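User: I have a few questions about how certain labels were assigned. Please set each value against its cut-off.

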Amino acid sequence: MGSLRIGFLQMGFVGEARESPKLILGKQRPLLGRGFGGVCLKWRISGGLRSTPRKSLWRSNVLSTEAIQAVQSLKLAKSAEKLEEVVSSRLGRLLKEDLVNTLKELQRQNEYRLALKVFEFVRKELWYRPDLLLYSDMIFIFGKNKMIGTAKELFGQLLKEGLEPDTRTYTEMIGAFLQVDNLKDAMEMYGLMKRFGCAPDELTLTILIRNLENAGEEDLATNVKQDCEKYVDEPEEFLEQVGKKYPKRRKEKMAGFAGFNQFKPNEALNVVFCYSALAE
């Protein structure tokens with residue numbers, strides 16, 4: 001099968017930012033959608049699918065000197081021993097906001113291994129409370145780098161911590177699967193998303209329609225288009241825009257993918273995403 005590589009800028013994931021430590025965040029307008037056991041955030045994206053990262057509740061627009069120095073020290077640590085020394089000496093002295101900003105800056109620079117190290121340190125802090133935005137950002141960066149195993153582990157971990165995935169979290173996981181050409185698990189995740197009452201947004205629907213059509217899975221693409229009637233305010237206009245902006249580039253069907261249009265959302269993923277089991 002031809003590659004199903006997806007440009008993360010087009011998918012709406014974080015794009016390249018300036019090297020300046022001053023990070024300017026765009027504004028998004030949250031809408032409320034249905035969620036299991038509570039509220040599921042539904043994001044309406046303006047000026048593209050997703051042109052800027054979403055703002056964490058803990059993050060300011062400007063990195064402090066301490067956060068900048070921590071980032072530099074982590075990047076200069078060339079051995080495991082030196083890295084552990086920097087983690088204990090530098091990170092342990094940072095305030096909460098500076099520590100989270102250090103994590104965000106490493107994500108922005110695509111230093112995903114260092115970001116995971118800092119994220120693990122954050123989770124051990126006394127003040128830490130499970131934060132869905134932090135997890136979604138981590139899933140994004142590992143999906144972007146095709147580290148799908150780590151993205152799955154992070155998804156399972158956020159469930160264990162009692163968090164309920166929102167529209168963005170599910171979409172990041174769908175994007176991660178598509179980044180490694182795994183349409184089946186992307187559709188499994190889409191099925192879970194709907195089954196647990198979290199409404200897909202225009203970004204979710206767009207990336208699925210584009211990639212299913214490019215893979216030659218017209219029946220599945222049609223099913224997703226039909227969902228637009230339920231989840232999009234003006235479905236006909238939306239689908240017309242998707243067709244114009246992202247014309248079909250039909251590719252050879254995946255081997256063994258025939259018959260997948262009988263997909264059932266409750267069929268097991270190769271990684272267990274069972275909420276009841278993870279909650280035990």
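Analyst: Contact here means heavy atoms within 4.5 Å. The model is predicted. Leaving aside neighbours within four places in sequence, V87 is in contact with L74, G92, K117 and F121. V87 is found in helix α3 (residues 80-89).

User: Why is V87 called buried?

Analyst: Buried means under 20% relative accessible area. V87 has 7%, so V87 is buried.

User: How many aromatic pairs does the structure hold?

Analyst: Three. In one of them, F119 and Y135 have 5.1 Å centre to centre and 85° between the planes.

User: What makes the pair of F119 and Y135 edge-to-face?

Analyst: Ring centres within 6.5 Å make a pair, and planes over 60 degrees apart count as edge-to-face. The values are 5.1 Å and 85°, so both conditions are met. The pair links distant parts of the chain: F119 sits in helix α5 (residues 112-123) and Y135 in helix α6 (residues 132-144), 16 residues apart. Both F119 and Y135 are buried.

User: Why is the pair of F155 and Y170 called tilted?

Analyst: Planes under 30 degrees apart are stacked, over 60 edge-to-face, and the rest tilted. F155 and Y170 have planes at 55°, so the pair is tilted. Their centres are 6.0 Å apart, and the cut-off for a pair is 6.5 Å. F155 belongs to helix α7 (residues 148-160), Y170 to helix α8 (residues 167-179). F155 and Y170 are both buried.

User: How do you know that R210 lies over the face of Y246?

Analyst: CZ of Arg must be within 6 Å of the ring centre and within 35 degrees of the ring normal. R210 lies over the face of Y246, at 4.2 Å from the ring centre.

Technical notes: Residues are numbered from 1 along each chain as its sequence is written. This is a predicted model: local features need pLDDT of at least 70, side-chain atom pairs count only at pLDDT 80 or more; totals for chains, interfaces and linings use all residues. Side-chain values use heavy atoms; hydrogens and water are left out. Helices (H or I, at least four residues) and strands (E, at least two) are DSSP runs, numbered from the N terminus. Buried means under 20% relative accessible area, exposed over 50%, partly exposed in between (1.4 Å probe, protein chains only).
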